[in-house]
Amino acid sequence: MRIAVVNRAAFLTRPEYRGLRVVAVLGLVIAWEALARTGRVPVLFLPSPLGVLAEGWEMLRSGELLGHLTASLQRLVLGFALGGAAGVVVGVAVGFFAAAEAVGTPLLAATFPIPKIALLPLLILWLGLGEPSKVAVIALGVFFPMAINTFTGVRQADPLLMRAAVAFGARRWSVIRKVILPSALPMIFAGLRLGAGTALLLLVAAEMIAVESGIGFLVLHAGNLMQTTKLMVGIVVLSLLGVLSHWGLGWLERLAIPWRASS
Amino acid sequence: MRVVVERVSKLYADRAGHTLRALDGIDLVVDAEEFVAVLGPSGCGKSTLLNLIAGLLAPSEGAIWLDGELSPGRAATAMVFQEFALFPWRTVQANVEFGLEEMGVAAAERARRARYQLDMTGLAGFETKYPHELSGGMRQRVGIARALAVGPAVLLMDEPFSALDAQTRQLMQEELLAIWERTRKTIVYVTHNIHEAVYMADRVVVLSRRPGRVLAEVKVELPRPRAEAMIAEPAFVHAVERIWSLIRDQAAQALRE
Ligand SMILES: Nc1ncnc2c1ncn2[C@@H]1O[C@H](COP(=O)(O)OP(=O)(O)O)[C@@H](O)[C@H]1O
Ligand SMILES: [Mg+2]
């Protein structure tokens, strides 16, 4: 008897289907455009993709879009940097120093579950209606995932490597800098990704209160004036911001963690 | 540099809070330029003993000191780990430079000394590789180069080749012996392999099962430099048999448990 041996695990391999990805996105846009062109749906509810594109181009040329974008990016970058840096510092401290852990763990556990958006009115009371309260709410939103992820990353640092470092003369700060931080880096980047999502959300929320600039303002204002096409431009820009930050962080991660990139 | 371990005991507290005696009253002197193997079943406290000598743990009882002159720019001890313990985020070169960095050696001098050790350990051409890109044997070479780079007076080796396949282990043993012939460091070499201990060392210190006590010290009367053919010589066979008879009961007990 002859039994042909075939690869029975073939269905477990996952081909990449690059073409399909493009088709999925294009398909959605084309279907949307087609729907808009039938004229059955009023432009007020669903402007066509081409219409949004044209409006976006117009806003770009007039400088309106750039103004909003710069205002938003400023808040985003500043909040992200402040919250991220504070999160890493607190995460390392709580993860490494026993005293900091005793103080930090209950405080973090108590404040972490608060939806940060609920703090916005409080922050406005404290810091006023201007930029500081907007930046602060974004920083807070980024701080928590960063602190918690850094803490986890620090805790996952291999005790063997720490002992090896000490065996070769490393003191406390060397161990933190040369063993604990690089060990925690993958978790820190995971925190940055989480933080990026939260930051975008809080940005839009913050820009819906008492500002005259920013993508969030653009979306809210256009909505109030029933300028749906403009509103859509704002949403598309927000989604682009999300995608770009994702790519940018991925690129930065490969740059910062070269020992993983090649594996 | 001489290593003196005097009546050292080490107690650990386990998870349940019970104290566990890992080492019990260890007396051990390793002379300058001597190659001593510490042999014992797993769990008998060999790693604990090395960590104590390296100053990575404090003895619960007794004292440990190093005797001799230490020239500047050199470390007293350096360790080679069983699991290699290389820093995955550092290239081969940067791993070897680690100890020198901590000693405050200037960058150019660091690179020079690391390069020298990389040549000595057959790692030339691998400087920019990361540990995960290397085979086990290559990784342990990096571990040895990192230890030698700080010019230690005492080299502590914790089962350095036990994670390697038999052929690689044999080659690495010979390379280590060649390095020792050249540098004549004091070496404390931990192993659970009787043949390896006898083949490498001037003297084998045999530890009992936990709590680790010194059962006996067996001098190996084989000439240097050692060669593979010596494993057939009466002195080799005698030493192996003597050690085996010492620990055979212990091993049998362990099997019954
Ligand atoms: N940090 C520790 N806490 C508690 N027990 C430990 C610790 N380190 C080692 N031990 C125990 O001490 C004994 C000796 O361990 P070790 O020195 O690693 O032995 P060996 O290297 O000879 O295998 C073992 O029973 C081990 O479980
Ligand atoms: Mg061990």
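**Close-up views of a two-chain model with a ligand**

**View 1. Chain A meets chain B through 20 residues of chain A and 22 residues of chain B.** Please keep in mind, here and in the views that follow, that this is a predicted model. Putting chain A and chain B together buries about 1,800 Å², and carbon and sulfur atoms give 71% of that area. On the chain A side, look for A:Phe168, A:Lys178 and A:Trp259: these residues supply 41% of the area that chain A buries against chain B, more than any other three residues.

**View 2. Chain B is divided into domain 1 and domain 2.** If you would like to select them yourself, domain 1 of chain B takes in 2-68 together with 154-255, while domain 2 of chain B covers 88-152. Taken over C-alpha atoms, the centres of the two domains are separated by 25 Å. Domain 1 of chain B brings 12 residues to the contact, and domain 2 of chain B brings 11 residues.

**View 3. Between domain 1 and domain 2 of chain B, about 970 Å² is buried.** Carbon and sulfur atoms give 70% of this area. Zoom in on B:Met172, B:Ile179 and B:Lys185, the residues of domain 1 that lose the most area to domain 2. Together, B:Met172, B:Ile179 and B:Lys185 account for 38% of what the domain 1 side buries.

**View 4. A shell of chain B residues surrounds ligand 1.** Following the chain, you will meet B:Tyr12, B:Leu20, B:Ala22, B:Pro41, B:Ser42, B:Gly43, B:Cys44, B:Gly45, B:Lys46, B:Ser47, B:Thr48 and B:Arg210. By residue class, the shell divides into five nonpolar, five polar and two charged residues. Two elements of chain B, β2 (19-30) and α1 (46-54), each supply at least two residues of the shell. The largest share, three residues, comes from α1(B).

**View 5. Oxygen atoms of ligand 1 pair with backbone and side-chain atoms of chain B.** Start with B:Thr48, where an N or O atom of the side chain is 2.5 Å from an oxygen atom of ligand 1. At B:Gly45, the partner is a backbone N or O atom, 3.0 Å from an oxygen atom of the ligand. B:Cys44 also takes part through a backbone N or O atom, here at 3.3 Å from an oxygen atom of ligand 1. How much of the accessible area of ligand 1 does the protein cover? On its own, ligand 1 has 570 Å² of accessible area, and the protein covers 65% of it.

Methods. Residues are numbered from 1 along each chain as its sequence is written. Chains are lettered from A and ligands numbered from 1 in the order in which they are written. This is a predicted model: local features need pLDDT of at least 70, side-chain atom pairs count only at pLDDT 80 or more; totals for chains, interfaces and linings use all residues. Side-chain values use heavy atoms; hydrogens and water are left out. A residue is near a molecule or strand if one of its heavy atoms lies within 4 Å of it. A polar contact is a pair of N or O atoms within 3.5 Å; within protein, one must be able to donate a hydrogen and the other to accept it, and residues adjacent in sequence count only if both atoms are side-chain atoms. Accessible areas come from the Shrake-Rupley method with a 1.4 Å probe; for residues, only the protein chains shown count as cover. Helices (H or I, at least four residues) and strands (E, at least two) are DSSP runs, numbered from the N terminus. Ala, Val, Leu, Ile, Met, Phe, Trp, Tyr, Cys and Pro count as nonpolar, Asp, Glu, Lys and Arg as charged, and the others, Gly among them, as polar. Domain bounds come from an automatic or database domain assignment. Contact means heavy atoms within 4.5 Å. Buried area is the accessible area (1.4 Å probe) that two parts lose on being put together, summed over both.
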